[in-house]
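Reader: I am new to this structure. Please take one part and walk me through it closely, the nonpolar core and the strands around it.

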Amino acid sequence: MHTAREVHTIRAFAPEIVTGLLRAGYPVRLVVTGRSMHPTIRHGEAVLVAPVNVQSLRFGDVVLYVRNNRLWAHRVIRRRMVSGVWILVTQGDGACRPDPPIAASRVVGRVVAVERSGRWHRLDTRGRRYWGLIRYSIRRWRCRLGFCRWCPHFA
Ligand SMILES: [Zn+2]
């Protein structure tokens, strides 16, 4: 785990600064807004994002990527190679539907931990990745069966 001194904190949405730091090899501490990763990452919690080689991305990793000039931290639920390019499908653990597919080159970092009650909790272990995939499947089924409180917000 990284020490606090190595970590930069960016509170405002500044995708180009965050992207630049990660591409230069620095870990970044970010405060997350929104509920699309609830309860894995709650609104207002900080996450630690590490630089990542897109070749090393795994099923179940939570990744930070850029879309519409905004940063998104969502879980990789599918991965496929199309014409020599890795295409990823991501989804928030608290969202009912997957995000539109993205080229893996849009990923700028891997979310390795979430800060809760003053402690870092890792998200990048095998157990946490698989638990996240189970969580998103449960969410999807709850939605299909009509037990969904979030749909209007994520439709
Ligand atoms: Zn739903």
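Author: Of the 155 residues in the protein chain, 30% are buried. This is a predicted model. The average pLDDT of the protein chain is 86, and 87% of the residues reach at least 70. Residues 1-6 fall below 50. That stretch still has six contacts in the model beyond near neighbours in sequence.

Next comes the overall layout. The protein chain has three helices and nine strands. Along the sequence they run β-α-β-β-β-β-β-β-β-β-α-α. Now take the contacts in the protein chain with a separation of 6 or more. Residues 24 or more positions apart make up 54% of them.

Now the core itself. The largest nonpolar core has 29 residues. Within this core, V47, V49, L64, A73 and V111 touch the most other members. Several elements supply at least two residues each: α1 (15-23), β2 (28-31), β3 (46-50), β4, β5 and β8 (107-116). β8 gives the most, with six residues. In soluble globular proteins, nonpolar side chains tend to be buried together.

V47 gives a close view of this packing. Leave out residues up to four places away in sequence. V47 then touches L30, V32, I41, A73, V111, A113 and V114. Two of these partners, A73 and V111, are themselves among the core residues that touch the most other members.

Two of the core's suppliers, β4 and β5, are also strand partners. β4 covers residues 62-67 and β5 covers residues 70-82. They pair in the antiparallel sense over six bridges. One bridge joins V63 to H74 in β5. The two strands form a hairpin with two residues between them. In that turn, N68 has a positive phi of about 50 degrees.

N69 lies in the loop between β4 and β5 as well. N69 is not a glycine, yet its phi is positive, about 60 degrees. Is N69 buried or exposed? N69 counts as exposed, because it has 8 C-beta neighbours inside 10 Å, and the cut-off for exposed is 12 or fewer.

β5 has a second partner, β6, which spans residues 85-91. This pairing is antiparallel too, over seven bridges. Here R78 has V89 in β6 as its bridge partner. β5 and β6 form a hairpin with two residues between the strands. S83 in this hairpin takes a positive phi near 50 degrees. In a regular strand the side chains alternate between the two faces of the sheet.

Now go to the loop that follows β8. S117 is found between β8 and β9 (119-122). S117 is not a glycine either, and its phi is positive at about 50 degrees. S117 is exposed, with 5 other C-beta atoms within 10 Å.

One more loop deserves a look. P39 lies between β2 and β3, and both of these strands supply at least two residues of the core. The peptide bond that joins H38 and P39 is cis. Its omega is about 0 degrees.

To trace the core yourself, start at V47 and go on to A73 and V111, which V47 touches. Then follow β8, with its six core residues.

Methods: Residues are numbered from 1 along each chain as its sequence is written. This is a predicted model: local features need pLDDT of at least 70, side-chain atom pairs count only at pLDDT 80 or more; totals for chains, interfaces and linings use all residues. Helices (H or I, at least four residues) and strands (E, at least two) are DSSP runs, numbered from the N terminus. A residue is buried if 20 or more other C-beta atoms lie within 10 Å of its own, exposed if 12 or fewer, and partly exposed in between; C-beta atoms are placed from the backbone. Two residues are in contact if their C-beta atoms, placed from the backbone, lie within 7 Å. Two strands pair if DSSP finds at least two bridges between them. A nonpolar core is a set of buried Ala, Val, Leu, Ile, Met, Phe, Trp, Tyr and Cys residues joined through C-beta atoms within 7 Å. pLDDT is the predictor's confidence in each residue, from 0 to 100.
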